[in-house]
Amino acid sequence: MDQYVCVRLVQGNGLDLSLFQFDYDMTFAVFMLNADGTLYGRYGSRSDMKEAEREISIEGLGKTLSAALELHQNFPANKANLAGKRGPAPRYKTPEEYPALKDKFTGSVDFEGKPVASCIHCHQVREAQRKIYRAANQPIPDEHLFPWPMPDALGLKFDTKEVATVLEVAGGSSAAKDGFRAGDTLLSLEGQPLISVADIQWILQNAKEGSKLKAEVQRGGQKTSLSLSVPPGWRRVSNISWRPTTWDMRRMVSGGLVLEDLPDAERQQMKLASNALALRVKYVGQYNEHAAAKRAGFQKDDIIVAAENATQRMSESQFIALLAQRKMPGAKVPLTVLRNGQRQTIAMPMQ
(Lines give C-alpha, C1' and ligand atoms only; values in the text may rest on other atoms or scores of the structure.)
Protein backbone atom coordinates (compact mmCIF):
# COMPACT_ATOMS: atom_id res chain seq x y z
CA MET A 1 0.00 0.00 0.00
CA ASP A 2 2.96 2.35 0.38
CA GLN A 3 3.15 2.40 -3.43
CA TYR A 4 -0.30 4.01 -3.55
CA VAL A 5 -1.65 7.42 -2.62
CA CYS A 6 -4.47 6.34 -0.31
CA VAL A 7 -7.68 8.36 0.00
CA ARG A 8 -10.72 7.44 2.08
CA LEU A 9 -14.18 8.66 1.09
CA VAL A 10 -16.56 8.57 4.05
CA GLN A 11 -19.78 9.91 2.48
CA GLY A 12 -21.47 10.14 -0.90
CA ASN A 13 -21.88 13.91 -1.13
CA GLY A 14 -20.56 15.16 -4.47
CA LEU A 15 -19.50 11.64 -5.52
CA ASP A 16 -18.51 11.46 -9.21
CA LEU A 17 -21.00 8.84 -10.42
CA SER A 18 -19.30 8.58 -13.81
CA LEU A 19 -16.34 7.02 -12.00
CA PHE A 20 -17.57 5.55 -8.73
CA GLN A 21 -19.92 2.89 -10.05
CA PHE A 22 -19.97 -0.05 -7.65
CA ASP A 23 -22.33 -2.06 -5.46
CA TYR A 24 -23.84 0.73 -3.36
CA ASP A 25 -25.15 -1.74 -0.75
CA MET A 26 -21.66 -2.49 0.54
CA THR A 27 -19.87 -0.89 3.46
CA PHE A 28 -16.38 -1.32 1.97
CA ALA A 29 -15.11 -0.87 -1.58
CA VAL A 30 -11.73 -0.03 -3.10
CA PHE A 31 -10.93 1.67 -6.40
CA MET A 32 -7.42 1.48 -7.87
CA LEU A 33 -6.82 4.43 -10.17
CA ASN A 34 -4.15 6.03 -12.30
CA ALA A 35 -3.61 9.73 -11.62
CA ASP A 36 -5.31 10.54 -14.97
CA GLY A 37 -8.51 8.78 -13.85
CA THR A 38 -7.94 5.48 -15.66
CA LEU A 39 -9.46 2.71 -13.58
CA TYR A 40 -7.31 -0.38 -13.01
CA GLY A 41 -9.97 -2.23 -11.07
CA ARG A 42 -12.29 -2.53 -8.08
CA TYR A 43 -12.22 -4.61 -4.93
CA GLY A 44 -15.11 -5.46 -2.62
CA SER A 45 -17.95 -7.99 -2.89
CA ARG A 46 -20.78 -8.87 -0.56
CA SER A 47 -23.63 -11.39 -0.44
CA ASP A 48 -24.73 -11.52 3.20
CA MET A 49 -25.98 -9.11 5.87
CA LYS A 50 -24.57 -10.76 8.99
CA GLU A 51 -21.27 -11.85 7.46
CA ALA A 52 -20.20 -8.71 5.61
CA GLU A 53 -16.65 -10.05 5.16
CA ARG A 54 -17.60 -13.43 3.69
CA GLU A 55 -16.56 -12.43 0.16
CA ILE A 56 -13.40 -10.45 1.02
CA SER A 57 -10.06 -11.11 2.73
CA ILE A 58 -6.82 -9.35 3.52
CA GLU A 59 -5.01 -11.90 1.32
CA GLY A 60 -7.35 -11.24 -1.60
CA LEU A 61 -7.06 -7.48 -1.23
CA GLY A 62 -3.26 -7.74 -1.14
CA LYS A 63 -3.17 -9.74 -4.38
CA THR A 64 -5.57 -7.31 -6.04
CA LEU A 65 -3.38 -4.36 -5.06
CA SER A 66 -0.34 -6.18 -6.50
CA ALA A 67 -2.21 -7.00 -9.72
CA ALA A 68 -3.18 -3.33 -10.10
CA LEU A 69 0.48 -2.33 -9.70
CA GLU A 70 1.38 -4.71 -12.57
CA LEU A 71 -1.21 -2.96 -14.76
CA HIS A 72 0.27 0.36 -13.68
CA GLN A 73 3.76 -0.73 -14.75
CA ASN A 74 2.44 -1.42 -18.27
CA PHE A 75 0.58 1.89 -18.49
CA PRO A 76 -0.11 3.64 -20.87
CA ALA A 77 0.50 0.83 -23.37
CA ASN A 78 -2.50 -1.05 -21.91
CA LYS A 79 -4.79 1.97 -21.59
CA ALA A 80 -7.11 0.84 -24.39
CA ASN A 81 -7.70 -2.52 -22.63
CA LEU A 82 -8.75 -0.67 -19.48
CA ALA A 83 -11.37 1.54 -21.15
CA GLY A 84 -14.16 -0.97 -20.46
CA LYS A 85 -13.69 -0.63 -16.72
CA ARG A 86 -15.45 2.76 -16.91
CA GLY A 87 -19.17 2.55 -17.49
CA PRO A 88 -21.59 4.53 -19.64
CA ALA A 89 -22.38 8.09 -18.66
CA PRO A 90 -24.74 8.08 -15.66
CA ARG A 91 -28.17 9.64 -15.64
CA TYR A 92 -26.94 12.14 -13.04
CA LYS A 93 -23.40 13.31 -12.32
CA THR A 94 -23.69 13.33 -8.53
CA PRO A 95 -26.14 11.85 -5.99
CA GLU A 96 -27.52 15.30 -5.18
CA GLU A 97 -28.95 15.61 -8.70
CA TYR A 98 -31.35 12.67 -8.28
CA PRO A 99 -34.92 13.91 -7.76
CA ALA A 100 -35.30 11.87 -4.57
CA LEU A 101 -32.16 13.45 -3.09
CA LYS A 102 -32.30 16.94 -4.60
CA ASP A 103 -32.30 19.84 -2.12
CA LYS A 104 -32.23 17.46 0.86
CA PHE A 105 -28.50 17.37 1.56
CA THR A 106 -27.40 20.96 1.25
CA GLY A 107 -26.06 21.52 4.78
CA SER A 108 -22.51 20.99 5.97
CA VAL A 109 -21.38 17.52 7.04
CA ASP A 110 -19.89 17.61 10.55
CA PHE A 111 -18.36 14.31 11.63
CA GLU A 112 -16.88 15.79 14.79
CA GLY A 113 -20.25 16.60 16.32
CA LYS A 114 -23.70 15.04 16.09
CA PRO A 115 -25.26 16.79 13.04
CA VAL A 116 -24.78 14.43 10.09
CA ALA A 117 -28.23 14.75 8.54
CA SER A 118 -26.61 16.12 5.38
CA CYS A 119 -24.49 13.00 4.82
CA ILE A 120 -25.48 10.96 1.76
CA HIS A 121 -25.12 7.22 2.27
CA CYS A 122 -24.13 5.12 -0.74
CA HIS A 123 -27.26 2.97 -0.53
CA GLN A 124 -29.37 6.08 -1.08
CA VAL A 125 -28.04 6.27 -4.65
CA ARG A 126 -29.54 2.85 -5.45
CA GLU A 127 -32.82 3.82 -3.78
CA ALA A 128 -32.95 7.05 -5.78
CA GLN A 129 -32.39 5.10 -9.03
CA ARG A 130 -35.39 2.87 -8.32
CA LYS A 131 -37.64 5.73 -7.31
CA ILE A 132 -37.27 7.26 -10.78
CA TYR A 133 -39.11 4.25 -12.23
CA ARG A 134 -41.60 4.10 -9.36
CA ALA A 135 -42.48 7.79 -9.70
CA ALA A 136 -43.04 7.30 -13.45
CA ASN A 137 -45.27 4.23 -12.87
CA GLN A 138 -42.79 2.06 -14.75
CA PRO A 139 -41.55 -1.46 -13.90
CA ILE A 140 -38.17 -1.43 -12.18
CA PRO A 141 -35.70 -3.26 -14.48
CA ASP A 142 -33.90 -6.40 -13.32
CA GLU A 143 -30.53 -4.66 -13.32
CA HIS A 144 -31.83 -2.31 -10.63
CA LEU A 145 -33.78 -4.94 -8.69
CA PHE A 146 -30.95 -7.49 -8.70
CA PRO A 147 -27.84 -5.29 -8.94
CA TRP A 148 -24.24 -6.47 -8.95
CA PRO A 149 -24.98 -10.21 -8.94
CA MET A 150 -22.32 -12.51 -7.58
CA PRO A 151 -20.86 -14.94 -10.17
CA ASP A 152 -22.66 -17.66 -8.17
CA ALA A 153 -25.75 -16.70 -10.18
CA LEU A 154 -24.07 -18.38 -13.17
CA GLY A 155 -22.58 -21.21 -11.12
CA LEU A 156 -19.11 -19.80 -10.36
CA LYS A 157 -17.78 -19.49 -6.82
CA PHE A 158 -14.37 -17.83 -6.41
CA ASP A 159 -11.62 -18.21 -3.83
CA THR A 160 -11.73 -15.08 -1.63
CA LYS A 161 -7.97 -15.29 -1.02
CA GLU A 162 -7.09 -15.14 -4.72
CA VAL A 163 -7.61 -12.63 -7.53
CA ALA A 164 -10.06 -14.56 -9.73
CA THR A 165 -9.56 -18.28 -9.17
CA VAL A 166 -12.59 -20.57 -9.40
CA LEU A 167 -13.17 -22.52 -6.19
CA GLU A 168 -16.31 -24.40 -7.27
CA VAL A 169 -18.50 -24.80 -10.34
CA ALA A 170 -22.11 -25.73 -9.57
CA GLY A 171 -23.24 -28.86 -11.38
CA GLY A 172 -25.71 -28.21 -14.18
CA SER A 173 -25.07 -24.47 -14.05
CA SER A 174 -24.50 -22.17 -16.99
CA ALA A 175 -20.77 -22.04 -16.18
CA ALA A 176 -20.53 -25.83 -15.99
CA LYS A 177 -22.16 -26.20 -19.39
CA ASP A 178 -19.71 -23.61 -20.76
CA GLY A 179 -16.73 -25.73 -19.66
CA PHE A 180 -15.45 -23.85 -16.61
CA ARG A 181 -13.67 -25.93 -13.96
CA ALA A 182 -12.57 -25.55 -10.37
CA GLY A 183 -8.99 -24.25 -10.31
CA ASP A 184 -9.42 -22.09 -13.42
CA THR A 185 -8.03 -18.58 -13.11
CA LEU A 186 -9.89 -15.96 -15.13
CA LEU A 187 -7.35 -13.64 -16.71
CA SER A 188 -9.82 -11.51 -18.66
CA LEU A 189 -13.53 -11.25 -19.39
CA GLU A 190 -14.87 -9.34 -22.39
CA GLY A 191 -11.30 -8.20 -23.04
CA GLN A 192 -10.95 -6.58 -19.63
CA PRO A 193 -8.07 -7.72 -17.40
CA LEU A 194 -9.39 -9.03 -14.09
CA ILE A 195 -7.86 -8.26 -10.73
CA SER A 196 -10.77 -9.20 -8.42
CA VAL A 197 -14.21 -10.77 -8.19
CA ALA A 198 -15.62 -7.22 -8.08
CA ASP A 199 -14.19 -6.76 -11.59
CA ILE A 200 -16.19 -9.81 -12.69
CA GLN A 201 -19.32 -8.41 -11.02
CA TRP A 202 -18.83 -5.14 -12.90
CA ILE A 203 -18.91 -6.97 -16.22
CA LEU A 204 -21.91 -9.08 -15.18
CA GLN A 205 -23.80 -5.98 -14.03
CA ASN A 206 -23.51 -4.56 -17.54
CA ALA A 207 -24.01 -7.85 -19.42
CA LYS A 208 -27.03 -8.33 -21.66
CA GLU A 209 -29.31 -11.34 -21.27
CA GLY A 210 -28.70 -13.94 -23.95
CA SER A 211 -25.13 -12.81 -24.56
CA LYS A 212 -21.91 -14.81 -24.35
CA LEU A 213 -18.97 -13.23 -22.54
CA LYS A 214 -15.52 -14.00 -23.93
CA ALA A 215 -13.20 -15.32 -21.23
CA GLU A 216 -9.48 -16.04 -21.19
CA VAL A 217 -8.68 -18.72 -18.63
CA GLN A 218 -5.44 -20.10 -17.27
CA ARG A 219 -5.71 -23.83 -16.63
CA GLY A 220 -2.77 -26.01 -15.70
CA GLY A 221 -0.26 -23.50 -17.01
CA GLN A 222 -2.05 -23.15 -20.35
CA LYS A 223 -4.29 -20.34 -21.57
CA THR A 224 -7.73 -21.37 -22.79
CA SER A 225 -10.54 -19.38 -24.41
CA LEU A 226 -14.08 -19.98 -23.13
CA SER A 227 -17.45 -18.25 -23.37
CA LEU A 228 -19.64 -17.56 -20.34
CA SER A 229 -23.35 -17.68 -21.24
CA VAL A 230 -25.75 -15.15 -19.71
CA PRO A 231 -29.20 -16.82 -19.94
CA PRO A 232 -32.52 -14.97 -19.67
CA GLY A 233 -33.65 -14.31 -16.11
CA TRP A 234 -30.28 -15.27 -14.67
CA ARG A 235 -30.21 -12.41 -12.15
CA ARG A 236 -33.36 -13.59 -10.41
CA VAL A 237 -31.63 -16.40 -8.54
CA SER A 238 -29.70 -13.73 -6.60
CA ASN A 239 -30.61 -13.13 -2.98
CA ILE A 240 -31.28 -9.43 -2.39
CA SER A 241 -32.87 -9.81 1.05
CA TRP A 242 -29.60 -8.84 2.78
CA ARG A 243 -29.29 -5.52 0.96
CA PRO A 244 -30.01 -2.27 2.85
CA THR A 245 -31.79 -0.98 -0.26
CA THR A 246 -34.23 -3.90 -0.03
CA TRP A 247 -35.79 -2.27 3.04
CA ASP A 248 -36.97 0.53 0.76
CA MET A 249 -38.29 -2.07 -1.72
CA ARG A 250 -40.17 -3.82 1.10
CA ARG A 251 -41.79 -0.51 1.99
CA MET A 252 -42.84 0.03 -1.63
CA VAL A 253 -44.34 -3.35 -2.48
CA SER A 254 -44.78 -5.50 0.62
CA GLY A 255 -45.70 -2.90 3.19
CA GLY A 256 -42.67 -3.58 5.37
CA LEU A 257 -43.11 -7.35 5.57
CA VAL A 258 -39.99 -9.48 6.07
CA LEU A 259 -40.58 -12.92 4.58
CA GLU A 260 -38.93 -16.36 4.52
CA ASP A 261 -39.55 -19.35 2.28
CA LEU A 262 -41.21 -22.16 4.24
CA PRO A 263 -38.84 -25.16 4.64
CA ASP A 264 -39.82 -28.46 3.00
CA ALA A 265 -40.38 -30.24 6.33
CA GLU A 266 -42.96 -27.66 7.40
CA ARG A 267 -44.57 -27.75 3.96
CA GLN A 268 -45.16 -31.49 4.36
CA GLN A 269 -46.73 -30.98 7.77
CA MET A 270 -49.05 -28.34 6.37
CA LYS A 271 -49.74 -30.34 3.18
CA LEU A 272 -48.32 -27.64 0.92
CA ALA A 273 -46.67 -28.69 -2.34
CA SER A 274 -42.89 -28.35 -2.64
CA ASN A 275 -43.30 -26.10 -5.69
CA ALA A 276 -46.04 -23.90 -4.20
CA LEU A 277 -45.74 -20.33 -2.95
CA ALA A 278 -45.35 -20.35 0.83
CA LEU A 279 -43.69 -17.29 2.32
CA ARG A 280 -43.91 -16.95 6.09
CA VAL A 281 -44.11 -13.50 7.68
CA LYS A 282 -41.13 -13.07 10.02
CA TYR A 283 -41.76 -9.41 10.83
CA VAL A 284 -44.54 -6.93 10.20
CA GLY A 285 -43.09 -3.42 10.08
CA GLN A 286 -40.01 -4.32 12.11
CA TYR A 287 -38.80 -0.71 12.18
CA ASN A 288 -42.13 1.02 11.56
CA GLU A 289 -45.16 0.65 13.81
CA HIS A 290 -47.30 2.30 11.13
CA ALA A 291 -46.17 0.11 8.22
CA ALA A 292 -48.71 -0.46 5.46
CA ALA A 293 -48.67 -4.24 6.04
CA LYS A 294 -49.62 -3.78 9.68
CA ARG A 295 -52.44 -1.40 8.77
CA ALA A 296 -53.65 -3.89 6.15
CA GLY A 297 -53.98 -6.59 8.80
CA PHE A 298 -50.97 -8.87 8.33
CA GLN A 299 -49.68 -10.75 11.36
CA LYS A 300 -46.45 -12.52 12.26
CA ASP A 301 -46.43 -16.18 11.07
CA ASP A 302 -49.03 -15.59 8.35
CA ILE A 303 -48.07 -17.66 5.30
CA ILE A 304 -48.59 -16.06 1.88
CA VAL A 305 -49.76 -18.79 -0.52
CA ALA A 306 -51.00 -16.68 -3.45
CA ALA A 307 -50.37 -13.23 -4.89
CA GLU A 308 -53.21 -12.66 -7.36
CA ASN A 309 -52.60 -15.41 -9.93
CA ALA A 310 -49.06 -16.26 -8.78
CA THR A 311 -48.92 -19.47 -6.75
CA GLN A 312 -45.54 -20.91 -7.75
CA ARG A 313 -42.70 -21.21 -5.24
CA MET A 314 -40.46 -18.18 -5.05
CA SER A 315 -38.01 -16.51 -2.71
CA GLU A 316 -38.69 -13.23 -0.93
CA SER A 317 -36.39 -11.58 -3.48
CA GLN A 318 -38.45 -12.93 -6.38
CA PHE A 319 -41.70 -11.96 -4.63
CA ILE A 320 -40.52 -8.36 -4.26
CA ALA A 321 -39.44 -8.28 -7.91
CA LEU A 322 -42.80 -9.69 -9.04
CA LEU A 323 -44.74 -6.89 -7.36
CA ALA A 324 -42.23 -4.15 -8.24
CA GLN A 325 -42.49 -4.96 -11.93
CA ARG A 326 -46.20 -5.72 -12.20
CA LYS A 327 -47.85 -3.41 -9.71
CA MET A 328 -47.60 0.36 -9.64
CA PRO A 329 -48.18 2.79 -6.73
CA GLY A 330 -51.82 3.07 -5.71
CA ALA A 331 -52.73 -0.48 -6.67
CA LYS A 332 -53.98 -2.99 -4.11
CA VAL A 333 -52.76 -6.55 -4.53
CA PRO A 334 -54.88 -9.38 -3.07
CA LEU A 335 -52.61 -11.73 -1.11
CA THR A 336 -53.97 -15.02 0.16
CA VAL A 337 -52.58 -16.05 3.54
CA LEU A 338 -52.84 -19.09 5.77
CA ARG A 339 -53.51 -18.14 9.38
CA ASN A 340 -54.15 -20.85 11.95
CA GLY A 341 -54.98 -23.24 9.13
CA GLN A 342 -57.57 -20.94 7.56
CA ARG A 343 -57.22 -19.04 4.28
CA GLN A 344 -58.08 -15.38 3.98
CA THR A 345 -57.34 -12.60 1.52
CA ILE A 346 -55.71 -9.32 2.49
CA ALA A 347 -55.26 -6.39 0.10
CA MET A 348 -51.71 -5.04 0.12
CA PRO A 349 -51.49 -1.36 -0.98
CA MET A 350 -48.56 -0.53 -3.25
CA GLN A 351 -46.55 2.49 -2.04
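A residue counts as buried when its relative accessible area is under 20%, and in this predicted model both Phe22 and Phe31 meet that description. The briefing below takes up the aromatic rings, a nonpolar patch on the surface, and some points of backbone geometry.

**Aromatic rings**

- The count of aromatic pairs in the model comes to six. In the pair made by Phe22 and Phe31, the ring centres lie 5.8 Å apart and the planes stand at 80°, so this pair is edge-to-face, given that planes over 60 degrees apart are classed in that way.
- Phe22 and Phe31, both of them buried, also belong to one aromatic cluster, which they form together with Phe20 and Tyr24.

**Arginines over ring faces**

- Arg42 is placed over the face of Trp202, at a distance of 4.0 Å from the ring centre.
- Arg91 is likewise placed over a ring face, here that of Tyr133, and its distance from the ring centre is 5.8 Å.

**Nonpolar surface patch**

- Val5, Val7 and Leu9 make up a nonpolar patch on the surface, with an area of about 360 Å².
- Leu9, one of the residues in this patch, is located in the segment that comes before strand S1 (30–33). Its relative accessible area is 52%, so Leu9 is classed as exposed, the cut-off for that class being over 50%.

**Backbone geometry**

- Most residues other than glycine have a negative phi, and most peptide bonds are trans. The residues that follow are set out with that background in mind.
- The peptide bond that runs from Phe75 to Pro76 is cis, and its omega is near 10°. Pro76 is found in the loop that joins helix H1 (58–73) and helix H2 (79–82).
- Trp148, a residue other than glycine, has a positive phi, with a value near 45°. This tryptophan lies in the loop between helix H4 (142–145) and strand S3 (156–158), and because its relative accessible area is 6%, Trp148 is classed as buried.
- Asp301 also has a positive phi, in this case near 80°, and it too is a residue other than glycine. Its place is in the loop between helix H9 (292–296) and strand S11 (303–307), and with a relative accessible area of 44%, Asp301 is classed as partly exposed.

Methods:
Residues numbered from 1 in each chain as written. Predicted model: local features only at pLDDT ≥ 70, side-chain atom pairs only at ≥ 80, totals over all residues. Heavy atoms only, no water. Phe/Tyr/Trp six-rings, centres within 6.5 Å; stacked < 30°, edge-to-face > 60°. Buried < 20%, exposed > 50% of the residue type's maximum accessible area, 1.4 Å probe, protein only. Lys NZ or Arg CZ within 6 Å of the ring centre and 35° of its normal. Patch = residues over 30% accessible without salt bridge, like charges linked within 9 Å, V, L, I, M, F, W, Y side chains within 5 Å. Areas by Shrake-Rupley, 256 points an atom, 1.4 Å probe, with all protein chains shown as cover. Salt bridge = Lys/Arg side-chain N within 4 Å of Asp/Glu carboxyl O. Helix = DSSP H or I, 4+ residues; strand = E, 2+ residues; numbered from the N terminus.
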